Amino acid sequence: MQQVPSNMAAQRRNLMQSHQSWTDDLPLCQMCGVGTAPNCVYGPDGKGAQSHTNEDGHLRFRGEDGCFLYGVFNGYDGSRVASFASQCLTAELLLGQLNSSHTDNDVRRILTQAFDVVEKSYFETIDDALAEKAHLSNYLLPHNENQKVQERLKELEQEVSGGATAVVALILNNKLFIANVGTNRALLCKSSSDGQNQVLQIGRPHSTDNDDELQRLAALGVDSARIRQAGQIAGQSSTRRLGDYRVKFNYNEIDLLSAAKTKPVIAEPEIHGSQSLDSVTGFLLLMSEGLINALESAHGPEQANQEIVAMVAAELAQQTSLEAAAQSVVDRVKRLHHDVFVSGRQRAPYCARHEDMTLLIRTLNYPLADGALTPTQGGRIYPVSVPYSNSQSTSKTSVTLSLVMPSQSTLTNGTNTASTLEEGTPTPGSQSPTATLQSTNTQTQSSSSSSGDGSLFRQRGSQAAQPDETGRVPPYVDFSQFYLLWGSDHSDSQSTQGGLGPQ
């Protein structure tokens, strides 16, 4: 490695260490919102504490010539790589490299080259530190009691360690391209002509249970069965990542990778697209691994995509800004994760902690809520979560009741009806809103949905309900059946506590 940095390397080092990014001056995309939450470790009392600074990153810029760039980066062992990658990728993609005359092959080539530049440029910024670290490590062998050298080695390790995974979305000529390195996730929700919503996961995570990735590693001489069994490579589940010098330069010193003929953990992105967005109504979601894992830890992995899309649809129907909608969804996942932990139920051991969470929402001709609309005017969703248990069962089931007002539609995954929003287009005085129950069984980790016939709802006339002498109006939902079920299941404990429900 070079011991005298080039001017370009020095500039990139200054870029990485600067507290103010040059990208701060680029125009943000106004059709995008981002929500975040820091990592958290729960104590026995259920109280959470942050174990390290937030290491996630994101970007959401509007370029020229109809070009838009979005990204979510999941950093680890520090935020340096995530921060550097978000800035460097922007420089490699939004400074004139892309224009409307480029073909799909051109775009894929430029995206791949951009990731390659990010990887090489990052290692240029830590080139000197790696060289010094190697020199001091050799010096320390015969002088292992030199405290100053040991302290300096610790400082250098902090400076050079860490990596990041990335999922990047590029929209050019109204076509969508997804570039993925690692274990973040991209979802596209499209409303079809028949009023349904189709949920598509774009690509698979590059993880230790990805068969294609295991075959790639096996071709390099790595024992893929051991990789699958270990579930991690140098502390991370990703088989592709940016940065992380340990698995890029010192992989022969890592037991699982020592047999590799060449570099096994790579930064090459998997490119998906193009996918035309003409006449598409819906939204695109980019999610960090921490958000995905938190939801899957709480409810199981089977319906995670449908659940997050249902949450986003619900918040978009209520919020008047994309930023508020994205943040509300992240906050909701954080609460779900915490509530499962304190419940002490079957999945509680999986929820003792969660990593940083980031959600990016990019709408595609998808309307936000009108704050002036009333519930009967406007296509809003009012989710209500209620606990449910069955004394005949050994598992607990979480039931989510979504009160779907007009203008909502079904969520499907491929050809299967999969989630919580059933189509309902009642008019005042003619129909009730549609109710849908989504049950997530924490023992079998399966989900199902069923559409109600409106029997949970009391009919309302075309005129607004008049308050009674106490100033109250009749409720939209009759929970009496729920209270009866709850009471029969908890008759012993409730008898001494005065029962459940309105008194």
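User: Which residues lie nearest the centre of the second largest pocket?
Analyst: In this predicted model, they are S237, E289, N293, S297 and E355. The full lining of that pocket has 24 residues.

User: And its volume, what is that for the second largest pocket?
Analyst: About 580 Å³.

User: Which element supplies the largest share of that lining?
Analyst: α9, with six residues. β5, α9 (289-299) and β13 (353-354) each supply at least two.

User: How do the lining residues divide into nonpolar, polar and charged?
Analyst: Four are nonpolar, 13 polar and seven charged.

User: Switching to the core. How many residues has the largest nonpolar core?
Analyst: It has 42 residues. Those with the most contacts inside it are F73, L89, L93, L98, F115, L170 and L242.

User: Where does the largest share of this core come from?
Analyst: From α3, which gives eight residues.

User: Which residues of α3 are buried?
Analyst: Among them are V107, I110, L111, A114, F115 and V118. The buried set also includes E119, S121 and T125.

User: What does F115 touch, leaving out residues up to four places away in sequence?
Analyst: F115 touches L89, A166, V168, A179, V181, L242, A267 and P269.

User: Is there another core, and which residues are among its members?
Analyst: Another core, of 28 residues, lies apart from the largest one. V199, M287, A326 and I361 are among its residues.

User: Back to α3. How far apart are its end C-alpha atoms?
Analyst: They are 32 Å apart. At 1.5 Å a residue, the 22 residues of α3 should span 32 Å, so the two values agree.

Key:
Residues numbered from 1 in each chain as written. Predicted model: local features only at pLDDT ≥ 70, side-chain atom pairs only at ≥ 80, totals over all residues. Heavy atoms only, no water. Core = buried A, V, L, I, M, F, W, Y, C linked by side-chain atoms within 4.5 Å. Buried < 20%, exposed > 50% of the residue type's maximum accessible area, 1.4 Å probe, protein only. Helix = DSSP H or I, 4+ residues; strand = E, 2+ residues; numbered from the N terminus. Contact = heavy atoms within 4.5 Å. Expected span 1.5 Å × (residues − 1). 1 Å grid on protein atoms, 1.4 Å probe; cavity = no way out; pocket = protein on both sides within 12 Å on 5 of 7 lines; lining within 4 Å. Points joined across faces, edges and corners; volume = space filled by probe spheres on them. Nonpolar A, V, L, I, M, F, W, Y, C, P; charged D, E, K, R; others polar.
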